[in-house]
Structures are given as structure tokens and as C-alpha cells.
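Q: Please walk me through one part of this model in detail. Start with the overall picture, then zoom in.

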Amino acid sequence: MENLIALVNRLQRACTALGDHGEESSLPTLWDALPTIAVVGGQSSGKSSVLESIVGKDFLPRGSGIVTRRPLVLQLHRIEEGREYAEFGHLPRKRFTDFAAVRKEIADETDRETGRSKQISSVPIYLSIYSPYVVNLTLIDLPGLTKVAVEGQPDSIVLDIENMVRSYIEKPNCIILAISPANQDLATSDAIKISREVDPKGERTFGVLTKIDLMDKGTDAVDMLEGKSYKLQFPWIGVVNRSQADINKNVDMIAARRREKEYFSSTPEYRHLANRMGSEHLGKVLSKHLESVIKSRIPGLQSLINKTIIELETELSRLGKPIATDAGGKLYMIMEICRSFDGNFKEHLDGVRPGGDKIYYVFDNQLPAALKRLQFDKQLSMDNVRKLITEADGYQPHLIAPEQGYRRLIESSIVSMKGPAEAAVDAVHAILKELIHKAISETAASSLSFLVAVRS
């Protein structure tokens, strides 16, 4: 069964390589059909700490405000032995064994997409982690829900994040991991609020309570963990993450998990729930559930893949067999297409095909008619001729008509013809563009027929 998650991981990587991110497309999207687990929570809900506890490594950027600004598709691969390492989808041949470098690369790759601003992007980052200490699992870490925009962010950031989260969790194949802090009222939980909107019966939502150890004295989370405060189909799971002091002291995950187990087993209120509490138990439950969901979806996935293959093969057969891959074959095909276009365009100009007569109409009718409408009788009147000659040469006797005056007379007449001439040029230009588009479409159709005929 563990191979099923690995299979889905490979399918997701194939979707990524093909540009299928679940967005609207003319082709069926396989990404939307693949079961996934989306991690949802408000800012400072402990979402990043939960993910790091499941992985057992410090690898996520930390800070104030919106730290996760792009979806992070986290694929965990269990290996039998060997050193732990990570690989990014955008750096497929580079292995990271230093998880501090992984944290830096996540931040850098986020900045490459969004710039050094506080904007968000829906383009995901793909990270695979290989370790003997993880379960086979795929999680999508989404930006934390927020209620107000901070400085440097647009006012729409609150709605933008909510819409991004909803676009993932509203899909029926998405399992929702709703992270809520126990030291806040569950009724105000951002994760529960949005998950209830898309999954009102709680059939695909797992509730996780963080910061149980930070609750006020005299209070506990027993009612929440037992599902009395808000009932889900699956039992609530409580976790105790590392404190900021632990993080600053570089307390390792093994010690943190041991302390987490001790907390639940030694605290009287939670002792009866200790066997189903903790981040290690959470990872195993999610892995097992994801396997069962994948198993139930296999027939549908096979059907979708087969249907898509048939549609693509039909489209390929309509386009014809592949063209030559060698340089000579490609050159021959290009020359044939150019000859075909040249012949089609020439036939349009010569009148064999329709369109060329429009150019003749411009020069034989449109331009002469426009020139006849010009007021040359005023331009060439005796008074105007006398005025131009006088302005050019002044009052002095001439044996012949002065050249400068004639030049002025001709130039003024040419200027008056500029408008009709430019209008004729524009009209011919538009006709030529139309004929070129026609010739291109006719060439594409004839070239396709030629390809089919040559290769059949």
C-alpha cells in the first residue's frame, strides 16, 4: 500500500512537468483528480511547527506576518537507509543535505516569483524529502489565513489568501488538515470556519489542536479533543510543538517528540487520550488515510488517464504523423511551406484568388476621386501664382519665369495631395495584411494536407 502514495507523488511530478497545476484547461486535469492533503490554518496557529514535527526537520522559513507566500507541495518519501536529503522541483539534479539551506531556498524561490515584497503567488513550490524517519505522505502547505493586511500588502491580501486556500480545499479529492490553536476559542478558528464552508459534514477534515501546553491554568482541551466542541468524522489530534525558546536553543525533533509523548502521558487530563495524540501519530494517521483514499480513487484515475490518452491520440492522428527530425527534412518542409505561401499570396495579388482587385480599386477609384476633390483651382489661380512668385523673388524684372516661384507652387500642391496619398497607402496596407492572413491560413491548411499525404 505504501507504493500507492509514491505512485501519486510521481503522477504529481509528471503533472508539474506538463504544467498541470489544477487550473482551468481545455484538456482534462489529472492534478484535480489526485488525492491531496492541504494544510490550513491562521497565522501563528502553529502550522509550520506541525509540518516540521511530522518531517522531523527544521526546514520552513520563520518570521512575523505572512511567511508562507506560495503553496508548498511537500512530498515525503520513506527510504530504508541512507542520509536524509531534499530535492526541489525547480532544481531536480541538486540534493540538499543541509536543511538550513532548504529553508533559504524556499525563501529565495518565493522571492523569485513575488519579488522582495509581501505579495503572494499561487504558483507552487515542489519539495521532496527522503528520509528513513518519515512516512510516505504528500502535504500542501498553504499561506496562513489572516484578517488584516500589513504594511506593503494590498488591501485585497486577506481575500486573495482566502480564495487561494478555498481553491484547493473545495475540491472533493482534497483532505483538509485544519490547524487550530487550543488557547483560542474554537468558534473563532480561521481553519475551522473555512473548512466548514466547503466540508460542512466534516467528512474529509482532520482537526489538529496546537499549543495545548500554553492554555490558561485550570482549563484544558479535553472537550475539543473528544469532539464535543466541534464534531468531525475523524478524531481530533492534539500536538505539542517546540516553544520559541526550544527553537532558539536548537532542540532537535527527536527530543521534542519524546517531550511531547511525556506531556500527554503524564498530564492527567489527557492520559486517556495519549495513544492518539502527538505529531508522530498524526503523520501515521494521515499516511494511512491517504492510502485508503488513493485506493478508492484508483478506478476513477485509471478511467481519466485512459480517456485523456484516447483524446490526445485522436488529436495527434488528426494532425498527422511527426515531421522529419533531421536538419535536411526540416529544411525541405520549411521550403515547401514558404513556396506554398508565396504561390497563394501571388495568386491573391494577380486576381486568381479574391482580394487583389481591392488594391486596383484604391488606385483606380479611391485615390483619383480624392484628388479631384482637392481645390486646385484656388491653388493655381493667377492671384495665387502671382503671390507665390512675388514672395519667392520679389519685385524685379525677369526674362523667364523665376524657378524659385515655381518650386514654391509645386511644393504647395504636393502638400495638399499628401492626405489622399497617405489614405491610399493605409488602405493598400490594410488590404495586404488581410491577404497575408488569408494566404497564411490557406498555407497552413494545404501544408497539413501535404504532411498527411506524404506520411500516409
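Among contacts in the protein between residues at least 6 apart in sequence, what percentage join residues at least 24 apart? Then take helix 2: which of its residues are buried, and which residues does it meet in helix 9?

A: The model is predicted. Among contacts between residues at least 6 apart in sequence, 76% join residues at least 24 apart. The protein has 456 residues, and 43% of them count as buried. Its secondary structure comprises 14 helices and nine strands.

Now the close look. Helix 2 covers residues 47-55. Nine of its nine residues are buried, so the rest of the structure largely encloses this helix. The buried set is K47, S48, S49, V50, L51, E52, S53, I54 and V55. Two charged residue types, Lys and Glu, are represented in that set by K47 and E52. Just after helix 2 comes G56, with a positive phi of about 85°.

What does helix 2 pack against? One partner is helix 9, residues 279-319. Packing of two helices is described by the angle between their axes and the distance between the axes. Here the axes come within 8 Å and cross at roughly 80°. An angle from 65 to 115 degrees counts as roughly perpendicular. Helix 2 and helix 9 are therefore roughly perpendicular to each other.

The contact itself can be listed by side. Helix 2 supplies V50, S53 and I54. Helix 9 supplies S279, L282, G283 and L286. By type, the contact holds four nonpolar residues, three polar ones and no charged ones. Gly is placed with the polar group in this count.

Further along helix 9 sits E291. E291 has a relative accessible area of 12%, so it counts as buried. Its C-alpha lies 9.2 Å from that of N136, although E291 and N136 are 155 residues apart in sequence.

Next, the approach to helix 2. S45 lies in the loop between strand 1 (36-41) and helix 2. At 2% relative accessibility, S45 is buried. Leaving out residues up to four places away in sequence, S45 touches I179, P181, T210 and K211. Two of those partners deserve a look of their own.

Take T210 first. T210 is found in strand 8. Its relative accessibility is 0%, so T210 counts as buried. T210 touches S45, G46 and V50, among others. V50 is also one of the helix 2 residues that meet helix 9. T210 also touches I179, S180, P181 and A182. V239 and N241 are on the T210 contact list too. I237 is 27 residues from T210 along the chain, and their C-alpha atoms are separated by 8.9 Å.

Then K211. K211 lies in the loop between strand 8 (205-210) and helix 6 (222-225). With a relative accessible area of 24%, K211 is partly exposed. Buried requires a value under 20%. The backbone of K211 stands out as well: K211 has a positive phi of about 60°, yet is not a glycine.

To finish, some aromatic features elsewhere in the model. Rings pair when their centres lie within 6.5 Å. By this rule there are seven aromatic pairs. One of them joins Y85 and Y130, stacked with 4.7 Å centre to centre and 15° between the planes. This pair links distant parts of the chain: Y85 belongs to strand 3 (residues 85-88) and Y130 to strand 5 (residues 125-131), 45 residues apart. Both Y85 and Y130 are buried. F341 and F345 have ring centres 6.0 Å apart and planes at 5°, so this pair is stacked. These two Phe residues are four residues apart in helix 10 (residues 327-350), which means a separation of about one helical turn. F341 is partly exposed, at 27% relative accessible area. F345 is buried, at 18%. Y263, F264 and Y270 form one aromatic cluster.

Two charged ends sit over rings. R95 places its charged end over the ring of Y85, 4.0 Å from the ring centre. K171 does so over the ring of Y168, 5.5 Å from the centre.

Terms used: Residues numbered from 1 in each chain as written. Predicted model: local features only at pLDDT ≥ 70, side-chain atom pairs only at ≥ 80, totals over all residues. Heavy atoms only, no water. Phe/Tyr/Trp six-rings, centres within 6.5 Å; stacked < 30°, edge-to-face > 60°. Buried < 20%, exposed > 50% of the residue type's maximum accessible area, 1.4 Å probe, protein only. Lys NZ or Arg CZ within 6 Å of the ring centre and 35° of its normal. Axes fitted to C-alpha atoms, helices over the stretch in contact; angles between N-to-C directions. Parallel < 35°, antiparallel > 145°, perpendicular 65-115°, else oblique. Contact = heavy atoms within 4.5 Å.
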